[in-house]
Amino acid sequence: MSLSSSFSNALSGLNASSRMAEVISSNVANALTEGYGRRQVELSVRYPFGGVQIDGIARLVDRGLIADRRMSESRMAGQQDMVRSLTRLETLLGAAGGDTSLAARVTKLEQALVSSAGDPSSSIRLAMAGDRLSDLADALRDGQASIRTLRQEADRSIADQVKTLNTSLREVEELNRDIAKGKVTGSDISSLMDRRQMAVDRIAAIVPVREMDRQNGVIALVSKQGAILIDGPAVTVGFTATPTIMPDMSFVSGALSGLTINGDPAGPAHGIGRLDGGTLGVAFTLRDNKLVSAQAGLDAVARDLVERFADPATDPTLTLGMAGLLTDGGLAFDPLNEVGLAGRIAVNAAVDPDQGGDLFRLRDGVGAVAPGPVGDSTRLDAWVAALGAPRALSTGGSPASAAILAASYVSGIGAERLAAEEELTFTTARWSVLKQAELAQGVDTDIEMQNLLLLEQSYAANARVLQTLDLLISTLMEI
Amino acid sequence: MTMASIGDLSRQFITQRHNTQIRQELDRLTREMSTGKVADLTAHLGADQLRLGDIDRQLAVDNAYLNVARNTGQLLSVMQVALGKVDTTGTDLAAKLIGINPETPPAQQIAASSAGAMAFADMVAALNTSFGGTTLFGGVATDAPALASADIMLASIRAAAIGSVSAADVTAAVDAWFDTPGGSFETIGYLGNVSGPVRRGIDADQAAEIAARADAPAIRDQLKAAAMAALATDPALGLGGVPRANLLADAGLRLAATAESLAYLRADLGLTEQRVETATAQLAARSTAYGIMRNEMTSANPYTTASGLQAVQIQLETHYAVTARMANLSLVGYLR
């Protein structure tokens, strides 16, 4: 009786040792896998005769730490996207102090006009002034094109993220089912939980989520602002991409799409609804807020330039309603039509030799019929004075010369980028502390090696016990 | 048995982040070292970005104004030289003409008259000077000569004076030719523009106004005197003896009387020259000052950058050494 129970005890010991070896091997193999929860075998005494029984494989993760890290990661991922976009916008519009910035182009125009006013008979100087005027118009149009590209990219990014979100939500739903099944039948679900953790991490970068426990190891996911993403079945998030975005299109006007959850609009006021806080929210902010105000600022700068040159007090050859040096696509500027002006701005055809005009009109006025005295600098002086006169933008602010208005617009975007970078630095520092703490719970190969040493010993000891018991029984048999 | 453990990945995570941070700092310092300018100007200047924009604009516009001021200064000095030529021609002619009386030998009178014709031609040539393709004395019409050629004008004056018998007649005819508003001088003699002075902007709120034109009264008077002297021995008029001598003497007196107004014209031009010179000096000084300010705002202090670079280099090397050592500190290595 006791011999056979000794056998059974020793066998259970060997069993436990080999199971522990399996777990150790799995741990060591996954030492570099992110999202792998360190496994540990839970042992306890077997009831009637001693021996060891395996209660289960525990997956050691600190769920609170992971939840904190996920929230921080959502914010950080969103802010990274914001900084990236703002940096691109700043570069495209021309950073402060640069040679190709919008402000530099206005200054170069001013310079060329001063130079031409100093020798109005010089056709070379007039041509240079004409070139600089075209460069300025080009810069404004390019700026508009950049903003439009960034908005379109934001829209495309939303579409991609929604696709990823839906895929990951389906994955979590499936894994939930498998885990519940596994829990009920008692099989090892640790790897399924690893995969589910990775899937939720993917979701958390897009939309910040909170995990809530349900029965049998199933989780529910709720967004930070309270929208249910998975509770049993997963929701389907919908979005219609708009490949070409014109300046006047916005979510409010209905031209751009917002998110739908299971077919219902996520939020009437802005397209994101209660899914804000991650990269998806930032993409919407970029598309519908930040870039739209950048667009408005650029249009205000363009309008200011058009109006400076269209004033009949500056150019008496202009009649009211006639387009000045800079036109809105060839026509006079209409104050009701300010949105998108920067993309339509053009040099008046009457002044541009490439469009069939003549440079003498830079000297004599846009509406001049024939060239006047070649040494007359009145009009050119007037253009210079117009560029230097203090005027305020239609979006508000203190009056300043044209170059300063352009410079403050560009440096405004630079300041936004700086602020976003500072926030990102702070969030990244916080995230790295949380991430480090989470990773510290991972596999430590030193500990596994130590356990392996103990295991060797334990296995050898159990085997020795078996050997001895075998000897005892053989001795008994020989009687 | 659960023991406190530290996952392998956490150490690698920290090491990687430190590595990236140090390398980024190294890149930034290297770039600042080689370009001499601060890497991220927006971050460096913060709220001062607008000042930089203003400085850049001032520098560029001042540069253009300096150019214009220099050009205008040169233009004005050429104009002064031309007016000086007119002045000396007039003075020389006056010297020949004053003192001529009916007793003067005819040869001398003839010589004085042809001197007058030459003086007229010289004055017209001086007034038609152009500088860099720009006519100087024609007002804002700088692409055409200021005065018609001396021959054309003299022919027209001669035609107007035909039938005169005394010096007074000739004088009256010449005066009428030159001074009638809308008369011959203003239609066929002066070819320039009459609308206003030539303005050249030499600074933000300053402009040099050049009012000296070939149709100024002082210049007309000089031309009249030279024409009178030229016509004294003109065969078409056929003046002889006393009228001829009187005409020559009157021409000489006229030259002497109007020399002062020419001097005033030149002085006026001189004032404008002085203003332009002052503006040029101011602009140059301002450009230098702004240039220094700009450098202060945008250049990276080489001292700070160099010592920073050295410190970061040492930090990186230390980091590498520690990473290598820590890689060996694993139980696995000792279980072989």
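Colleague: Which residues form a nonpolar patch on the surface of chain A, and about how much accessible area do they have together?
Modeller: This is a predicted model. In it, A:Leu476, A:Met477 and A:Ile479 make up a nonpolar surface patch. Their accessible area together is about 400 Å².

Colleague: Is A:Ile479 buried or exposed?
Modeller: A:Ile479 sits in the segment after helix H11 (445-477) of chain A. Its relative accessible area is 83%. Exposed means over 50%. A:Ile479 is therefore exposed.

Colleague: What span does helix H5 of chain B reach from its first C-alpha to its last?
Modeller: The helix covers residues 150-161, twelve residues in total. At 1.5 Å a residue, 16 Å is expected. The model comes close to that, with a reach of 16 Å.

Colleague: Within what arc do the buried residues of H5(B) fall?
Modeller: The buried residues are B:Ala150, B:Met153, B:Leu154, B:Ser156, B:Ile157 and B:Ala161. Seen down the helix axis, they line one face of H5(B), because they fall within an arc of 160 degrees.

Colleague: Which exposed residues does the face turned away from the buried side of H5(B) carry?
Modeller: The buried side has its cover, which includes helices H4 (106-127), H6 (167-179), H7 (184-189) and H8 (217-231) of chain B. The face turned away from that side carries exposed residues. They are B:Asp151 and B:Ala159.

Colleague: Which residue with a positive phi follows H5(B)?
Modeller: Its phi is near 100 degrees. The residue is B:Gly163.

Colleague: Which residue forms a salt bridge with B:Arg158?
Modeller: B:Arg158 belongs to helix H5 of chain B, and its partner to the loop between H8 and helix H9 (241-298), 76 residues apart. B:Arg158 is partly exposed at 28% relative accessibility, whereas the partner is buried at 10%. The closest N and O atoms are 2.5 Å apart. The partner is B:Asp234.

Colleague: How many residues apart in sequence are the parts that B:Lys224 and B:Asp175 tie together?
Modeller: The two side chains meet in a salt bridge at 3.7 Å, N to O. B:Lys224 lies in helix H8 of chain B and B:Asp175 in helix H6, so the pair ties together parts separated in sequence by 49 residues.

Colleague: Is B:Lys224 buried or partly exposed?
Modeller: B:Asp175 counts as partly exposed at 22% relative accessibility. B:Lys224 has 4%. Buried means under 20%, so B:Lys224 counts as buried.

Colleague: Which residue meets A:Arg303 in a salt bridge?
Modeller: A:Arg303 lies in helix H6 (residues 279-310) of chain A, and its partner in the loop between strand E9 (326-328) and helix H7 (341-344), 35 residues apart. Both residues are buried. The N to O distance is 2.6 Å. The partner is A:Glu338.

Colleague: How many salt bridges does the structure hold over all chains?
Modeller: Some residues are linked in a network of salt bridges, among them A:Arg63, A:Arg69, A:Glu73 and A:Asp201. Over all chains, the structure holds 49.

Colleague: Which residue in the loop between strand E3 (209-213) and strand E4 (219-223) of chain A has a positive phi although it is not a glycine?
Modeller: Most residues other than glycine have a negative phi. Here phi is positive, about 60 degrees. The residue counts as partly exposed, at 38% relative accessibility. It is A:Asn216.

Colleague: About what positive phi does A:Asn262 have?
Modeller: A:Asn262 is placed in the loop between strand E7 (260-261) and strand E8 (264-265) of chain A. A:Asn262 is not a glycine, yet its phi is about 55 degrees.

Note on methods
Residues are numbered from 1 along each chain as its sequence is written. Chains are lettered from A and ligands numbered from 1 in the order in which they are written. This is a predicted model: local features need pLDDT of at least 70, side-chain atom pairs count only at pLDDT 80 or more; totals for chains, interfaces and linings use all residues. Side-chain values use heavy atoms; hydrogens and water are left out. Patches are made of residues with over 30% relative accessible area and no salt bridge: like charges are joined within 9 Å, nonpolar side chains (Val, Leu, Ile, Met, Phe, Trp, Tyr) within 5 Å. Accessible areas come from the Shrake-Rupley method with a 1.4 Å probe; for residues, only the protein chains shown count as cover. A salt bridge is a side-chain nitrogen of Lys or Arg within 4 Å of a carboxyl oxygen of Asp or Glu. Helices (H or I, at least four residues) and strands (E, at least two) are DSSP runs, numbered from the N terminus. Buried means under 20% relative accessible area, exposed over 50%, partly exposed in between (1.4 Å probe, protein chains only). The expected span of a helix is 1.5 Å times one less than its number of residues. The arc is that of the directions from the helix axis to the C-beta atoms. Contact means heavy atoms within 4.5 Å.
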